Amino acid sequence: MSLRPLQADDLPLLRDLYQDPARMRHIGAVMTAEQVRALLAERLTQWHRGDPQWRCWVIEADGGCAGIVGWRQLPMTQATAEIGFMLLPEQEGKGLALQAVRALIQQSLVPLGFVRLVALIGVDNDGSRRLLTRLGFRSVARFEHSVQLAQGWCDTEMFDLDVIARQAF
C-alpha cells in the first residue's frame, strides 16, 4: 500500500467512488458527473494552513487505485483536522484503509502540528467504527438526524484522537 497525491487524471476513480450508491450510503447523496468534476477541481487547489477544503491522497495497492484518504482542517481553537476515507468495493477487508489512515497521520498530519483528529461516521457504519477504534480513536458524541442520506435522515457518531497522547503510529 502506498499513498500519492490526488491528480487530475484520478477523475475515473472519484466517479467510481462518489457515483456508487453502496459507497455513498454512509456518506451522502450519489454525485452527478458534474459534481464529481467540481469536487476534483476543489481538491486539486493549492492548500494553505487554515483552508477548509479537503486534501486527498490516492491509496494504491496491487498496481492500481484502491481508494482515497484525506483530511481537512477544522476551524477550532486546537489544531484539529477531520479525516475521511473511501475504498472501492473490491478493496475492502484487506486492511488498506487502516494502513492508509495510519500513514496519513504519520506523513501529513503530525508534521503539520495537528494535535486532535476527528472522524464522523454513520452510526451503522461498523467497518469504519472498527477501524477508528483500532487506531485509538474514541467515540465522543452522537448526533441524531444529522445527515441526509438516500435512506433518509441518519444519526452520526463523532470519534476523536489526541495525536500527542497517541504517538505510537
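1. Start with the overall count: searching the whole structure turns up 12 salt bridges. Keep in mind that this is a predicted model. As background, side chains of opposite charge can pair when their charged atoms come close. The points below walk through a few of these pairs.

2. A good place to begin is R4 and D10. These two form a salt bridge, with 2.7 Å between the closest N and O atoms. How exposed or buried is R4? Its relative accessibility is 15%, and because buried means under 20%, R4 counts as buried. D10 has a relative accessibility of 3%, so D10 is buried as well.

3. Now stay with D10 for a moment. Where does D10 sit? You'll find D10 in the loop between β1 (2-5) and α1 (11-18). Leaving aside residues up to four places away in sequence, D10 touches R4, P5, V58 and C65. With R4, the D10 side chain also makes a side-chain to side-chain polar contact at 2.7 Å.

4. R4 has another partner to look at. The side chains of R4 and E60 meet in a salt bridge, 2.8 Å from N to O. E60 belongs to strand β2 (residues 55-61) and R4 to strand β1, so this pair ties together parts that are 56 residues apart in sequence. What is the relative accessible area of E60? The value is 26%, so E60 is described as partly exposed, while its partner R4 is buried at 15%.

5. Next, move to R23 and E92. Their side chains meet in a salt bridge with an N to O distance of 2.3 Å. The pair links distant parts of the chain, 69 residues apart: R23 is in helix α2 (residues 21-24), and E92 is in the loop between β4 (80-87) and α4 (96-109).

6. Are R23 and E92 buried or exposed? R23 has 11% relative accessibility and therefore counts as buried. E92, at 43%, counts as partly exposed. Back at the earlier group, R4, D10 and E60 are joined into one network by salt bridges that share partners.

7. If you open the model yourself, you could begin at R4, then look at its salt bridge to D10 and its salt bridge to E60. After that, turn to the R23 and E92 salt bridge.

Notes:
Residues numbered from 1 in each chain as written. Predicted model: local features only at pLDDT ≥ 70, side-chain atom pairs only at ≥ 80, totals over all residues. Heavy atoms only, no water. Helix = DSSP H or I, 4+ residues; strand = E, 2+ residues; numbered from the N terminus. Polar contact = N/O pair within 3.5 Å; in protein donor to acceptor, adjacent residues only side chain to side chain. Contact = heavy atoms within 4.5 Å. Salt bridge = Lys/Arg side-chain N within 4 Å of Asp/Glu carboxyl O. Buried < 20%, exposed > 50% of the residue type's maximum accessible area, 1.4 Å probe, protein only.
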